[in-house]
Amino acid sequence: MLKADRVEGADKLLRLQLDVGGLQKEVLAGIAQAYKPEDLVGRIVVYLVNLKPRKMRFGTSEGMVLASGMGGKDIFLLSVDSGANQAGA
């Protein structure tokens, strides 16, 4: 993950800037109650690419990061084995 910021006016959203095989994609993710933006930079996440960009109130989301949990502070991003690279296949 290249960058993560809080979304002004949204309590649950973070704006994530991802490197997807040399392309940069922006994702709006409802994980702000579970993660601090500064803790996400440099992290490798699982990204769902086969979604159409979706216009939302706070911008356009170009995909989805995968997470599990009950919501709120109980959200956990899926992680990958240590050998994975950022470009992923």
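Modeller: Before we look at the surface of this predicted model, recall that accessible areas come from the Shrake-Rupley method with a 1.4 Å probe. By that reckoning the protein exposes about 6100 Å², and carbon and sulfur atoms supply 50% of this area.

Biologist: What percentage of the 89 residues counts as buried?

Modeller: A residue is buried when its relative accessible area is under 20%. In this protein, 26% of the 89 residues count as buried.

Biologist: How many helices and strands does the secondary structure come to, and in what order do the elements run from the N terminus?

Modeller: The protein has one helix and nine strands, and from the N terminus on the elements run β-β-β-α-β-β-β-β-β-β. The radius of gyration is 12 Å, close to the 12 Å that the globule rule gives for 89 residues, so the protein is as compact as a globular protein of that length. Along its principal axes, the C-alpha trace spans about 35 × 25 × 20 Å.

Biologist: What share of the contacts comes from residues 24 or more positions apart?

Modeller: Contact here means heavy atoms within 4.5 Å. Taking the contacts in the protein with a separation of 6 or more, residues 24 or more positions apart account for 45% of them.

Biologist: Which residues of the largest nonpolar core touch the most other members?

Modeller: That core holds 16 residues, and Leu16, Leu18, Ile31 and Leu40 are the ones that touch the most other members. Strand 2 (14-20), strand 3 (23-29) and strand 9 (74-77) each supply at least two residues of the core, and strand 2 gives the most, with three residues.

Biologist: Which residues is leucine 18 in contact with, once its neighbours within four places in sequence are left aside?

Modeller: With those neighbours left aside, leucine 18 is in contact with Met1, Leu2, Leu23, Gln24, Lys25, Val27, Val45, Tyr47 and Val65.

Biologist: Where is leucine 2 placed, and why does leucine 2 count as partly exposed?

Modeller: Leucine 2 is in the segment before strand 1 (3-6), and leucine 2 counts as partly exposed because its relative accessibility is 40%. Not counting residues up to four places away in sequence, leucine 2 touches Gln17, Leu18, Asp19, Gln24 and Val41. The C-alpha atoms of leucine 2 and glycine 59, which are 57 residues apart along the chain, are separated by 18 Å.

Biologist: How many positive and negative side chains are there, and how far apart do the centres of the two sets lie?

Modeller: There are 12 positive and 10 negative side chains in the protein, with the centres of the two sets lying 7 Å apart.

How values were computed:
Residues are numbered from 1 along each chain as its sequence is written. This is a predicted model: local features need pLDDT of at least 70, side-chain atom pairs count only at pLDDT 80 or more; totals for chains, interfaces and linings use all residues. Side-chain values use heavy atoms; hydrogens and water are left out. Helices (H or I, at least four residues) and strands (E, at least two) are DSSP runs, numbered from the N terminus. The radius of gyration is taken over C-alpha atoms; the globule rule is 2.2 Å times the number of residues to the power 0.38. Buried means under 20% relative accessible area, exposed over 50%, partly exposed in between (1.4 Å probe, protein chains only). Lys and Arg count as positive and Asp and Glu as negative; His and the chain ends are not counted. The place of a charge is taken as NZ of Lys, CZ of Arg, CG of Asp or CD of Glu. A nonpolar core is a set of buried Ala, Val, Leu, Ile, Met, Phe, Trp, Tyr and Cys residues joined through side-chain atoms within 4.5 Å.
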